[in-house]
Amino acid sequence: MRPMEQRTILVTGATDGLGRGLAADLAGRGATVLVHGRDDERGRATMAEIRAGVPGARLHWYRADLSSLDQVRELAAAVAAEHQELDTLVNNAGIGTTVPGGEARQESADGHELRFAVNYLAGFLLTRLLLPVLRAAAPSRIVNVSSLGQAPIDFGDVMLREGYSGVRAYGQSKLAQVMFTADLAEELAGTGVTANALHPATYMPTKMVPVPALSELREGVEATARLVTAPELDEVSGGFFDGTRPARAMRQAYDPEARARLRELSRELTGG
């Protein structure tokens with residue numbers, strides 16, 4: 001890959017927690033970082049904080065609410081219009097098991113179960129739309145921030161209209177990310193574009209985590225930055241990592257039939 005000071009990297013969900021820490025880390029390494037969030041004020045505050053620690057940091061702000069597929073499309077169009085090449089896409093934005101909304105089932109602007117929409121469908125569509133600029137920058141990388149907290153997808157009730165729980169909704173959205181990663185690795189083999197997913201760390205101190213922290217934010221930032229930057233991963237694609245260690249996702253992630261069903265459903269729901 002190109003030297004860090006020549007790379008352009010998009011980090012979604014970069015105004016809080018892991019995304020914010022990762023954006024600062026990558027800016028400190030010299031990359032141009034595209035900072036995404038859904039609130040302009042928080043975006044300005046994030047970039048001011050990064051620049052305070054990294055004078056001269058090259059940052060660009062992009063606002064989009066990923067619970068709206070139209071706004072995902074607008075985000076992709078804006079990035080592609082302003083950057084002919086994208087070295088890395090980090091699909092980090094997401095919502096947890098209870099925040100927002102407590103235990104109540106919620107729907108996105110498009111009528112999809114909210115966690116499936118934000119944690120998975122938004123990243124699916126954004127990635128599909130940005131593949132041309134990722135290919136143009138090859139060798140380039142796609143990094144999907146997933147979790148060990150996974151749940152099997154019930155294709156008879158993907159939107160969880162029956163038996164909803166936030167844990168189940170979160171878990172199936174995170175497994176879907178890993179399934180998508182495996183699909184991308186197969187599709188992009190030989191193009192110079194790799195795709196990997198990871199569980200960055202367990203219960204980091206972020207607003208998504210409803211229990212006391214077990215890991216430092218630094219651990220998750222370091223593990224995710226490794227998938228973005230490490231030369232030894234240049235040829236690695238389709239992997240799932242627990243921090244920095246290779247790991248196995250739930251069994252359904254490796255089921256070709258399940259992956260095909262998810263792929264067809266995702267294209268149907270997003271037009272991607």
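Helices and strands here are DSSP runs, counted from the N terminus, with helices at least four residues long and strands at least two. Keep in mind as you click around that this is a predicted model.

**Stop 1: the loop after H4**

Start by selecting Pro 139, which sits in the loop between H4 and strand E5 (140-145). Turn on the backbone and look at the bond leading into Pro 139: the peptide from Ala 138 is cis, with omega near 5°.

Now carry on past E5. In the loop between E5 and H5 you'll find Leu 160. Check its backbone torsions: phi is positive, about 55°, although Leu 160 is not a glycine. Is Leu 160 buried or exposed? Its relative accessible area is 0%, so Leu 160 is buried.

**Stop 2: H4 against H5**

Select helix H4 (residues 114-136) and helix H5 (residues 166-187) together; their axes come within 8 Å and cross at roughly 20°. Angles under 35 degrees count as roughly parallel, so that is how H4 and H5 run relative to each other. On the H4 side, show the side chains of the contact residues, including Phe 116, Tyr 120, Phe 124, Thr 127 and Leu 131. On the H5 side, the contact includes Ala 169, Tyr 170, Ser 173, Lys 174, Phe 180 and Leu 184. There are charged residues at both helices too, among them Arg 115, Arg 128 and Arg 135 of H4 and Glu 187 of H5. By class, the contact of H4 with H5 has nine nonpolar, seven polar and five charged residues. If you look down through the pair, H4 passes H5 in a right-handed crossing.

Stay on H5 and pick out Lys 174. What is the relative accessible area of Lys 174? It is 2%, so this lysine counts as buried. Its side chain makes a polar contact with the side chain of Gln 177, at 3.1 Å. Not counting residues up to four places away in sequence, Lys 174 touches Asn 119, Val 145, Ser 146, Ser 147 and Gly 149. For a sense of scale, draw a distance from Lys 174 to Arg 73: they are 101 residues apart in sequence and 21 Å apart in space, C-alpha to C-alpha.

**Stop 3: Gln 252**

Next, jump to Gln 252, in the loop between strand E8 (245-246) and helix H7 (256-270). Gln 252 counts as buried because its relative accessibility is 16%, and the cut-off for buried is under 20%. Which backbone atom lies 2.7 Å from a polar atom of the Gln 252 side chain? The backbone nitrogen of Ile 153 does. Show everything in contact with Gln 252, leaving aside neighbours within four places in sequence, and you get Pro 152, Ile 153, Phe 155, Leu 175, Met 179 and Ala 258.

**Stop 4: H1 and its two partners**

Hide what you have and bring up helix H1 (residues 17-28) with helix H6 (residues 217-229), whose axes come within 9 Å and cross at roughly 55°. That angle makes H1 oblique to H6. H1 passes H6 in a right-handed crossing. Gly 17, Leu 18, Gly 21, Leu 22, Asp 25 and Leu 26 in H1 meet a set of H6 residues that includes Leu 217, Gly 220, Val 221 and Thr 229. Sorted by class, the residues of this contact are seven nonpolar, five polar and one charged.

Zoom in on Thr 229 in H6. Thr 229 is buried, at 14% relative accessible area. Beyond four places in sequence, Thr 229 touches Met 4, Arg 7, Leu 26, Arg 29 and Arg 141.

Then swap H6 for H2. H1 and H2 pack at an angle of about 40°, with axes 10 Å apart, and they are therefore oblique to each other. Arg 20, Ala 23, Ala 24 and Ala 27 of H1 make the contact with Ala 45, Thr 46, Glu 49 and Ile 50 of H2. The class count is five nonpolar, one polar and two charged.

**Last stop: Gly 43**

Stay with helix H2 (residues 40-53) and select Gly 43. Gly 43 is buried, with a relative accessible area of 0%. Apart from neighbours within four places in sequence, Gly 43 is in contact with Thr 15 and Trp 61. To finish, draw a line from Gly 43 to Leu 184: their C-alpha atoms are separated by 30 Å, with the two positions 141 residues apart along the chain.

Methods:
Residues numbered from 1 in each chain as written. Predicted model: local features only at pLDDT ≥ 70, side-chain atom pairs only at ≥ 80, totals over all residues. Heavy atoms only, no water. Buried < 20%, exposed > 50% of the residue type's maximum accessible area, 1.4 Å probe, protein only. Polar contact = N/O pair within 3.5 Å; in protein donor to acceptor, adjacent residues only side chain to side chain. Contact = heavy atoms within 4.5 Å. Axes fitted to C-alpha atoms, helices over the stretch in contact; angles between N-to-C directions. Parallel < 35°, antiparallel > 145°, perpendicular 65-115°, else oblique. Left-handed = near helix turned anticlockwise from the far one by under 90°. Nonpolar A, V, L, I, M, F, W, Y, C, P; charged D, E, K, R; others polar.
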